[in-house]
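Here's a quick briefing to read alongside the structure. Have the sequence and the 3D view open, and hop between them as you go.

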Amino acid sequence: MPFDTWLLYLLTCCGIAVVPGPNALLVLTHGALHGSRKTLFTISGGVLGFAIVLAFCALGLGALIQASATGFTVLKVAGGLYLIWLGFGLWRAAPVSLETVGTARFRPWSLFRQGLVSAISNPKALLLFTAFIPPFLDPHRSIVAQTAAIALTYAVVEFIVEYAVASAAHKVRPWLARTGRRFNKVCGGFFVLFGLALPMHT
């Protein structure tokens with residue numbers, strides 16, 4: 001993957017990682033209940049799950065892209081439209097609920113499993129990855145090497161963002177409660193912009 005393409009991919013990963021989703025809210029809750037160090041188990045499970053989903057998406061899309069240039073173009077346009085649709089949906093969405101219910105016992109394997117299952121079982125994550133990966137794949141380069149770069153880069157970004165969320169859980173929760181709708185609009189605008197830009201990236 002060329003360096004300029006990787007930088008654009010890195011920026012896209014950062015934008016996606018900061019949008020509150022099931023894993024981010026799970027990490028936020030566990031961070032508030034258990035502290036950031038113990039929540040590393042939750043984060044590690046989620047990061048592994050996302051890396052697995054990304055790898056399968058990239059390998060499958062890579063095979064399709066190598067087989068059909070037309071399919072590659074269609075995927076890029078469809079992915080851009082999906083990101084735009086997500087952006088408008090997020091723009092109109094109500095603030096996420098950040099309430100915790102009761103207390104939870106600290107069990108490392110349980111936290112890891114919750115993070116892993118939350119990432120792998122999230123159909124929106126699968127659709128999102130399928131939408132934004134195609135513009136960053138080059139059919140003339142090694143798909144395996146590109147898959148490794150894509151999965152590793154996102155895993156590192158996701159880990160950093162989720163650990164920051166867990167560390168600032170007590171501060172982030174009330175902030176999102178106050179500015180949740182505005183935050184959703186900013187993130188929604190990000191998705192729309194990238195949905196417009198990514199199909200044109202070569």
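**A charged pair to start with**

R141 has a relative accessibility of 41%, so it counts as partly exposed. Keep in mind that you're looking at a predicted model. Its secondary structure comes to eight helices and zero strands, and R141 is a handy place to begin because it is partly exposed.

**The salt bridge**

- R141 pairs up with D138: their side chains meet in a salt bridge, at 3.2 Å from N to O.
- D138 is at 24% relative accessibility, so this residue is partly exposed too.
- Side chains of opposite charge can pair when their charged atoms come close.
- How many salt bridges does the count come to? The count comes to one.

**The whole chain**

- If you walk along the sequence, the pattern you meet is α-α-α-α-α-α-α-α.
- The chain has 202 residues, and 47% of them count as buried.
- Take the contacts between residues at least 6 apart in sequence: 92% of these join residues at least 24 apart.
- The chain's accessible surface is about 10400 Å², and carbon and sulfur atoms account for 70% of that.

**The largest nonpolar core**

- This core has 30 residues, and the ones touching the most other members are Y9, L54, F129, F132, I133 and Y154.
- Which helices each supply at least two residues of this core? They are helix 1 (3-18), helix 2 (22-34), helix 3 (40-67), helix 6 (123-132) and helix 7 (143-167).
- Helix 3 gives the largest share of the core, with eight residues.
- In soluble globular proteins, nonpolar side chains tend to be buried together.
- For a closer look, try F132, which you'll find in helix 6.
- Is F132 buried or exposed? Its relative accessible area is 0%, so F132 is buried.
- F132 and Y9 are 123 residues apart along the chain, yet 9.0 Å separates their C-alpha atoms.

**Two helices against the ruler**

- Helix 1 is made of 16 residues and reaches 23 Å from first C-alpha to last, close to the 22 Å expected at 1.5 Å a residue.
- The buried residues of helix 1 include Y9, along with T5, T12, C13, G15, I16 and A17.
- Helix 5 (residues 108-120) has 13 residues, so at 1.5 Å a residue you'd expect a span of 18 Å; its end C-alpha atoms are 19 Å apart, which agrees.
- Within helix 5, you can pick out S110, L111, G115, L116, S118 and A119 as buried.

**A buried loop residue**

- T39 sits in the loop between helix 2 and helix 3.
- Why does T39 count as buried? Because its relative accessibility is 0%.
- Setting aside neighbours within four places in sequence, T39 is in contact with V27, H30, G31, H34 and A166.

**A nonpolar patch on the surface**

- L152, V156, F159, I160 and Y163 make a nonpolar surface patch of about 450 Å².
- One of them, V156, belongs to helix 7.
- V156 has a relative accessible area of 43%, so this patch member is partly exposed.

Technical notes: Residues are numbered from 1 along each chain as its sequence is written. This is a predicted model: local features need pLDDT of at least 70, side-chain atom pairs count only at pLDDT 80 or more; totals for chains, interfaces and linings use all residues. Side-chain values use heavy atoms; hydrogens and water are left out. A nonpolar core is a set of buried Ala, Val, Leu, Ile, Met, Phe, Trp, Tyr and Cys residues joined through side-chain atoms within 4.5 Å. Buried means under 20% relative accessible area, exposed over 50%, partly exposed in between (1.4 Å probe, protein chains only). Helices (H or I, at least four residues) and strands (E, at least two) are DSSP runs, numbered from the N terminus. Contact means heavy atoms within 4.5 Å. The expected span of a helix is 1.5 Å times one less than its number of residues. Accessible areas come from the Shrake-Rupley method with a 1.4 Å probe; for residues, only the protein chains shown count as cover. Patches are made of residues with over 30% relative accessible area and no salt bridge: like charges are joined within 9 Å, nonpolar side chains (Val, Leu, Ile, Met, Phe, Trp, Tyr) within 5 Å. A salt bridge is a side-chain nitrogen of Lys or Arg within 4 Å of a carboxyl oxygen of Asp or Glu.
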